[in-house]
Amino acid sequence: MNKKEYLKLVKEITPKEKRLSNSLNAFLVGGILGIVAEIIKMILVSIFSITITEAIGWVLLIYIFLAALFTALGFMDDLAQKYKSGILIPITGFAHSITSAIMDYKKDGLITGVGSNVFKLAGCVLLYGIFFAFVMAIIKVILYV
Amino acid sequence: MTLIYSFLFCGLLCLIAQVIMDNTKLTPGHITSIYVVLGTILGCFNIYDNIVDFVGAGANIPIISFGNLLINSAYQGYLSDGIIGLFGNMLTDVGVGVVSAVVFAFLLSIPFKVKD
């Protein structure tokens, strides 16, 4: 068996990712998270008569609390494995990454384990978010002021 | 009507992320970074605020909104306090997300054991 045949065989044996159902799952779960957020926001605004900004803050709090709770209980990983970006792109993914980093490094101690690794996954969002926000804020100041 | 827009907008962002992830070698870390940077760019030209007005809370949930909040709070800080405001105010709007994520993650992960 030469190299070409071998590569062909590898390609055949490797399980094909179900791209269509993956995308559909991500679309549905992401959409449901979005619609539930809008429903919670409407309920909060109409019942407690708070401003929209506050209501969105509460929605984020609820989502992050639930994501952290589910990750701590251990079945968020299965959900993230199944629905992939449907879970990871909304703010639940951010909470999930922080919680799972804490869970993973808890055995190495509170300072050297948890403390130094807590932003291991969420760090890229914070780093590039803050850096590019700084650059873009300067551009916006130059453009609009 | 905002319910439908929320569903479509949030779902579409996740769909795009999933399609990119399935067809390239990029990891979720790459995608979220790209989305945040995209959010700062959209926030720079006031596009994302218009999307939020139109779509509702469905546009506040994706990670793109994080970048938008960062740049807009920095810009508002510059308008009120000058250069120091640009640095000091950047994290005010995302404070809810970051602080609650850290607090809840720490509080909730201590009592539970890691599932094998």
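Is A:Val145 buried or exposed?

## A:Val145 and its surroundings

It's exposed: A:Val145 has a relative accessibility of 59%, and the cut-off for that label is over 50%. Keep in mind that we're looking at a predicted model here. Along the chain, A:Val145 sits in the segment that follows H8 of chain A.

A:Val145 also belongs to a nonpolar patch on the surface that draws on both chains. From chain A come A:Ile139, A:Leu143, A:Tyr144 and A:Val145, while chain B adds B:Ile41, B:Phe45, B:Ile47 and B:Leu79. Put together, these residues show about 700 Å² of accessible area. Helix H8 of chain A, spanning residues 123-144, gives the patch its largest share, with three residues.

## Where the two chains meet

On to the interface. Here 66 residues of chain B touch 67 residues of chain A. The contact buries about 5700 Å² between the two chains, and carbon and sulfur atoms account for 80% of that. If you want the top three contributors on the chain B side, they're B:Phe7, B:Ile61 and B:Tyr75, which supply 11% of the area chain B buries against chain A, more than any other three residues.

What about polar links? Salt bridges between chain B and chain A number zero. Polar contacts do turn up, though: 12 residue pairs across the interface, both partners at pLDDT 80 or more.

Several helices of chain B take part in the side that touches chain A. H1 (2-23), H2 (28-44), H4 (64-81), H5 (83-88) and H6 (95-109) each bring at least two residues to it. H1(B) has the largest share, at 16 residues.

## Chain B by itself

Chain B is built from six helices, with zero strands, so to speak a plain run of α-α-α-α-α-α from the N terminus on. Its C-alpha atoms fit a box of roughly 50 × 35 × 35 Å along the principal axes.

Of the 116 residues in chain B, 48% are buried. As for how the chain packs on itself, take the contacts between residues at least 6 apart in sequence: 52% of them join residues at least 24 apart. The accessible surface of chain B is about 5500 Å², and carbon and sulfur atoms hold 73% of it.

Notes: Residues are numbered from 1 along each chain as its sequence is written. Chains are lettered from A and ligands numbered from 1 in the order in which they are written. This is a predicted model: local features need pLDDT of at least 70, side-chain atom pairs count only at pLDDT 80 or more; totals for chains, interfaces and linings use all residues. Side-chain values use heavy atoms; hydrogens and water are left out. Patches are made of residues with over 30% relative accessible area and no salt bridge: like charges are joined within 9 Å, nonpolar side chains (Val, Leu, Ile, Met, Phe, Trp, Tyr) within 5 Å. Accessible areas come from the Shrake-Rupley method with a 1.4 Å probe; for residues, only the protein chains shown count as cover. A salt bridge is a side-chain nitrogen of Lys or Arg within 4 Å of a carboxyl oxygen of Asp or Glu. Helices (H or I, at least four residues) and strands (E, at least two) are DSSP runs, numbered from the N terminus. Buried means under 20% relative accessible area, exposed over 50%, partly exposed in between (1.4 Å probe, protein chains only). Contact means heavy atoms within 4.5 Å. Buried area is the accessible area (1.4 Å probe) that two parts lose on being put together, summed over both. A polar contact is a pair of N or O atoms within 3.5 Å; within protein, one must be able to donate a hydrogen and the other to accept it, and residues adjacent in sequence count only if both atoms are side-chain atoms.
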